Amino acid sequence: MNTIAKKLLLPVIIIVMLSGFWFSPEFQKIAAGVAIFLIGMLMLEDGFRLFSGGFLERILERATRSVTRSLLFGIFSTTVMQSSSLVSVITISFLSAGLISLLAGVGIIFGANLGTTTGAWLVAGFGMKVNIAAYAMPLLAVGVVLVFQSSKYLRGLGYVLAGLGFLFLGIHHMKEGFETFRSAFDLTRLALTGVLGLMVYTLFGTLATVVMQSSHATMVLIITALAANQISYENALALAIGANIGTTITAILGSLTANYQGKRLALAHLVFNLVTAAVALGFISPLREAVEFTSGILGIAEDDFALKLAVFHSLFNSLGIILMLPLLGRLILMVERVIKAPASDLSQPRYLTEAVDEFPATIEIAMQKEVKHLYDNAVELITHGLNLHRHELFAAKDIEALVAKSRKQVEFDIDQRYEWRIKTLYSAILDFATRASSKALPQELVARVYQLRDVAERTVRAVKAIKHLRRNTTHYTIRPQGAITDLYDGLRTDIARILVEVERLERAPPESRSRLWLDDELQHVEITYNQTSARIESLIRGDQISAKVATSFLNDSNYAYDAMRELIEAARSFYVERDSALAEVEQILAIDEDDTDRVA
């Protein structure tokens, strides 16, 4: 929905509502019931978001290893949270962050469509049979008390309870509004039969859900109107089909700030719901017979059309899943053809979209992946800046020999490449870290975001150091010039060796990564750096290099050793996640082993 459409839609909605308020006090009660219900939905979503600091995300990661698991997760999560909108937003966030596959995301959306039908069962089976307002007041009272607690989980529980209270209260007001409305005006006079009725009321259901952005709210409105005999059963079925189409608006709006994968998911959701709606409309008569048969088995009364509507809602969504599951592979191929993956652009952020801002897990994972993207770009610039090639370096068995034979300059503009590949990404990372830190996130997560931001900063500083180093490195190493070439080759070898070791650290299993190598490497860098001046003085006294050349080399060695330090510290922060106490124990054990070796 674009900005112009939003601007036009809002005044139209307000004018329609004010007109209804003016002509009918009963309409005010129904509208207030819808508003209270929607507030309850928002509070439910906010409450469950407070529980999403790890638990929900861990379940999602484990539940998407197969299509069946993804489908079951969609059903279960939507049943528990009573919000397919929240499930859609979570799925788009995880998909945009690269945590789940598109296939898994589509499976979740399929399941969420079926899970949302449980709301119709609850309202038709419980909300229409008892004085639901009596349950609303205690829930609201307890919920509001918990909302003001300091613990985020207590606050989350408070929002959930208060949300349920508002849901119940909204249903009560809608139910009463339609009951009193019946005495003033009979809406069944607007009933339409046949194909025209199906088309018109399907459109009404779609529009109502688009406006409220909640198929759950639309279904409650339909059920309460049906229970008050304000709409016909036939028209209610068409409205339910329309609500299923309109619910795709949440995924579509959520995908606007997502990457191409999020947009693919929204398209798959739309296609699935349109196909399901088309099948339901085309086979409306057999479906009605199936509803009558199922209702008889379940013992639903002949005139209990509210519960029959719930049966219909579940049946046609189940039918849609049965029909579309065998075609899931083709659906994925279709959306991938329609929404193509953008051409690989290493200068643009891949994971830092607004869609991943919603949940703690996706914030951290997206940040990690983007920092790794920045580092990969940096490795290319660093190796090319040293006139080496990354693929040759990582495959080399003898790094010193590779450096010694690499005498050809790698032709590229390092300043331009820095602007495109490094600076742009670093700016995006800083912006994302700032946005994340402004949210109400756990302190440990904020600290991790800042730590990853610092990793990016160290990576950028390493690249800047290589930029300063490149001119003289190229000048003194494209052809052998004696001692000075050996000195610059030594710097190139040391930097290249650190890049190789960081690559090995990345490939190592997380549980086997230790900071001991990093500490040893940093110590080696400092020792070598401190020996540089003495070595240069010796070469000057032996007339192997001039004082002018020596001065240039000393400046360049400062840049080189700064780059090495930054790369090691960046690797320490990014890959080694053990606490300092465990690291100290490792160091003590290592020292003891060294002492034992010397004694032996």
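Guide: Welcome! A residue is called buried when its relative accessible area is under 20%, exposed when it is over 50%, and partly exposed in between (1.4 Å probe, protein chains only). This is a predicted model, in which local features need pLDDT of at least 70 and side-chain atom pairs count only at pLDDT 80 or more, while totals for chains, interfaces and linings use all residues. Residues are numbered from 1 along each chain as its sequence is written, and side-chain values use heavy atoms, leaving out hydrogens and water.

Visitor: What makes the contact between Arg492 and Asp489 a salt bridge?

Guide: The term asks for a side-chain nitrogen of Lys or Arg within 4 Å of a carboxyl oxygen of Asp or Glu. For Arg492 and Asp489 the N to O distance is 2.9 Å, so the pair qualifies. Both of these residues are buried, and they sit 3 residues apart in helix α23 (residues 483-507).

Visitor: Why is Glu419 called partly exposed?

Guide: Its relative accessible area is 36%, which falls between the two cut-offs, so the label fits Glu419. Lys423, at 41%, earns the label by the same test. The side chains of Glu419 and Lys423 meet in a salt bridge at 3.8 Å, N to O.

Visitor: How do you know that Arg572 is buried?

Guide: Arg572 has a relative accessible area of 13%, and that is under 20%, so Arg572 counts as buried. Its side chain forms a salt bridge with Glu569 at 3.0 Å, N to O.

Visitor: How many salt bridges are there by this rule?

Guide: The count comes to 24. Glu457, Arg458, Arg461 and Glu566 are linked in a network of them.

Terms used: Helix = DSSP H or I, 4+ residues; strand = E, 2+ residues; numbered from the N terminus.
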